[in-house]
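Trainee: I am new to this one. Could you take me through it, one question at a time?

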Amino acid sequence: MTPIRNQKKDKKHMPTPPSKPPRHTKYLNAGPFRGKNPDEVPLSIDQPRDPNNDSSDSSPSSTPVVSASGSDEEEIMEQEEIHDDGDDGNDGNGGFNGSAGLGGGGDDDDEEEEEYDEGNVGKGVGGDDDDDEEEEKEDDEGNDGKGVGGDDEEIVEEQVKPTRRKDGKPVAESARHIPARNFLLEPLRGGKARGEPRDGCEVLFGYKGSWACTIYETIDHKNAVRLFRRQSSYAKMSLWDLKDECESVKEIIENSALYTAVVNSVIAYDKVAVSSFSERFYGETHTFFFPFGEMALTPDDADQILGLPVEGKSTNDKFKKRLSWEEIYGFTERLFGWDQETTYGIFVKGKKYRKKEFKLVDVREMFAGTLIREKVEGLSDMQCRNAAAGYFLYTLGSVIFPESKGNRVSVNLLQLLDHLEDVNNYSWGTSMVAHLNCQLSTAFRERSSQIHGNTALLQVWIYDRFPSLIKDNIDVKINPEWNKTKPRGTRYLYTGCQDKEQKDALLEMRQKLDNITAEEVVFDPYKNDWVSAMEDVVYYSGPLFYPYGFSMYNPMRIMRQLGYIQYSPVPDYEPRFKHKLDNCESDDSELVDVYEPEPKTKHWDDRHKHDSKIDISFWEHVNEGHQSTADYLEWYERFSHPRVIRIDPPDTQRSNKASSSASTSDTRDDSTILKLVRERMKIIIKAFCCSADKGEVIEPERYCKVKQAKVEEAKVRKARRMEKMLIPKELVQVKAVVREAEHQLVKEVREVREAEVEIEAEVEVEAEVEAVCLSEEMFL
């Protein structure tokens, strides 16, 4: 198929328009004009800097570098100089483990790309070449700025003079959300962090570098606010409308398992909900931590919300993370009909070499619009298949596995499309859940400022299970066109503004989540739609794979989501996969968890076997949906960090005297304190078994007896549960047979004893008769 590309405007020598702030402001972070906006101080270069001297940006120099100037022409010339110097940036590598996502350098086309603002969905951003503008906005997503819309100043890709973190290390551009040192509490002795679990972080070994730890170490949690930016999956897919494709291409795409994810991932991004729940996700367990226990994304969620299949082979099966050039040329020839020269020309340009990536805008320009092309020149069946393969690759990079480079897609994903008939054979649902879990794990680190993955899945999951959080939210509405025959991905509509900062809304939701109870949560919203065919996946315990990794899934942590009473495991319980703590690593930008045994796709392939599934024979069905055993919370709080906001005792309250912006009053939330006090009073009243309205008084002796009875009752229940867990089904049946035989034997013994008694009685009677006879004979 002949590639069709629009001719892009050569912006290499085009000056930055005066009405738009310059993209590179690193020179404003040094010297007498530090902290000034570009529009406040016009600058000119009196003497060019040495490009090989990186320290010239931050170190003082006797040579005049910047000076005030009233000439707009000189200002534009300076902006052009800085623009040309921008090629010294990185090669498009993401920031910290893909979290920071800094934009690429070394490529003139990359310099044209900017952040894609979700607020411009369905609207042009100016100019005649909409695709070029869309490309510009997308690539700048790695910056930590506020977008290009409105009057906000853009944050640039170049390194600026950083501030200092709490440990003295420099703060990168992607970590500006980290509170300054004067907002933080003094470090504890011994390197211990506040809010550490009681088990010494044996489970949450990466707690110290997490965002939750940063919030807990902040004097006032209101000074630790982080709202995630995100790539716009729906905005990208809306640019490739199937209405512009011919019937043959539409038939191939609509019959694919990937298309249902495109149709159901259309909800607008709710940054408050996603950012709030990301504060509570721990990559060590791949679950969310709440005051009442754990919850997690399950394969069933991907099926119910996005309609993705969860049965099938793993996308990680035989997946190569590094393809040779010969293998790449083979894939592009079979899928797109390209020769080697065409393929090499499409690759993203690097500083020195081509990168094994395609720009999404290039893929769309080459294959979209087959309806017009068919009418003009006609299309063969192979060309239609090529266009469908291009659409699938575009979908993988935009909806299924969106990464920090939101405007690019790796050529490695072509392995999942060869052949097109095999696309429906993959377990896309588990693959998307695993990918989103790993992205949440990275986003939970302190320095992360972006979140990737299909956030529509997480967003609808939040709305379905936490209705109390959206009850009074006017931005979340039920879609009147949705019905129960459709996946739940289109059930809700989010109409909130994308440009508002919404810090107050984030703080409010953080407080609600810290005070939420199990009674306010809908653990199993699909209980009426669940089918038994899902058992092999729902009760599977082990790794869920995506092409570049995996996440761990353990149903025993989320029993309430499966319709059972949540209980704590027995003391000798050992999960099938355990952390190899000596090899696990974590810092403030990434978390690396290593398991023993090493997870392999064979574990997923053997999911139908009994050893790969949890034995639920001893599980008890839940009545009200939120039930748990009496000892569960005690076990859970031993290793968890259930609340994000720190509440200081009255004698340890302190205020931030170092900052004039911080309040000197109590930083705790009144509603939080009041609710905790009420809970403690209810516990005390219940424990002492007294009722004020009935005139009862506290009786210590009665209290001790009741408490002892409850402890004994709990021990008996736990012993019974342990007995059920330790005895397999076959032994239970044998035990029943033995018990029945024992009853029969006892019955027979009882009958024998009764017969013996009767015989003894008869013998005694006969003896008495003989004695009487003898006495009569003697008398005669």
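Mentor: Gladly. Keep in mind that this is a predicted model. Ask away.

Trainee: Is C246 buried or exposed?

Mentor: Buried means under 20% relative accessible area. The relative accessible area of C246 is 0%. So C246 is buried.

Trainee: How many disulfides are there?

Mentor: A disulfide needs two cysteine sulfur atoms within 2.5 Å. By this rule the count is 0 disulfides.

Trainee: Which cysteine sulfur is nearest to that of C213, and how far away is it?

Mentor: C213 is in no disulfide. The nearest cysteine sulfur belongs to C201, and the distance is 8.4 Å.

Trainee: And which cysteine sulfur is nearest to that of C246?

Mentor: C246 is in no disulfide either. Its nearest cysteine sulfur is 4.0 Å away. The cut-off is 2.5 Å. That neighbour is C384.

Trainee: Is C213 buried or exposed?

Mentor: Its relative accessible area is 2%. Under 20% counts as buried. So C213 is buried.

Trainee: What is unusual about the phi of C201?

Mentor: Most residues other than glycine have a negative phi. C201 is not a glycine, yet its phi is positive. C201 lies in the loop between α3 and α4, and at 13% relative accessibility it counts as buried. The phi of C201 is about 65°.

Trainee: Where is H286, and what is its phi?

Mentor: H286 is found in the loop between β3 and β4. With a relative accessible area of 5%, H286 is buried. It is not a glycine, but its phi is positive, at about 55°.

Trainee: Which residues does the cis peptide bond with omega of about 10° join?

Mentor: Most peptide bonds are trans. This one is cis. Its second residue, H419, sits in the loop between β9 and α15. The bond joins D418 and H419.

Trainee: What is omega for the cis peptide bond from E596 to P597?

Mentor: P597 has its place in the loop between β17 and α20. The bond that leads to P597 from E596 is cis. Its omega is near 0°.

Trainee: How many salt bridges does a search of the whole structure find?

Mentor: Side chains of opposite charge can pair when their charged atoms come close. The cut-off here is 4 Å between nitrogen and oxygen. The search finds 18 salt bridges.

Trainee: Which residue forms a salt bridge with D301?

Mentor: The closest N and O atoms of the pair are 2.7 Å apart. D301 is in helix α9 and its partner is in helix α16, so the bridge ties together parts 164 residues apart in sequence. D301 is buried at 0% relative accessible area, and the partner is buried at 2%. That partner is R465.

Trainee: How far apart are N and O in the salt bridge of K320 and E327?

Mentor: K320 is partly exposed, with a relative accessible area of 41%. E327 is partly exposed too, at 28%. Their side chains meet at an N to O distance of 2.6 Å.

Trainee: D464 forms a salt bridge with R491; which residues make up the network?

Mentor: The closest N and O atoms of D464 and R491 are 3.2 Å apart. This pair links distant parts of the chain, with D464 in helix α16 and R491 in the loop between β10 and β11. D464 counts as buried at 5% relative accessibility, while R491 counts as partly exposed at 22%. The network of salt bridges links D464, R488 and R491.

Trainee: What distance separates the C-alpha atoms of L308 and P487?

Mentor: L308 is in the loop between α9 and α10. L308 is buried, with a relative accessible area of 0%. Along the chain, L308 and P487 are 179 residues apart. Their C-alpha atoms are separated by 9.4 Å.

Trainee: Which residues make the nonpolar surface patch of about 260 Å²?

Mentor: One of them, I684, is in helix α22. I684 counts as partly exposed, at 42% relative accessibility. The patch is made by V677, M681 and I684.

Trainee: Which residues form the negative surface patch?

Mentor: One member, E751, is in helix α24. E751 is partly exposed, with a relative accessible area of 45%. The patch is formed by E748, E751, E754, E758, E762, E766 and E770.

Note on methods:
Residues numbered from 1 in each chain as written. Predicted model: local features only at pLDDT ≥ 70, side-chain atom pairs only at ≥ 80, totals over all residues. Heavy atoms only, no water. Patch = residues over 30% accessible without salt bridge, like charges linked within 9 Å, V, L, I, M, F, W, Y side chains within 5 Å. Areas by Shrake-Rupley, 256 points an atom, 1.4 Å probe, with all protein chains shown as cover. Helix = DSSP H or I, 4+ residues; strand = E, 2+ residues; numbered from the N terminus. Buried < 20%, exposed > 50% of the residue type's maximum accessible area, 1.4 Å probe, protein only. Lys, Arg positive; Asp, Glu negative; His and termini not counted. Charge placed at Lys NZ, Arg CZ, Asp CG, Glu CD.
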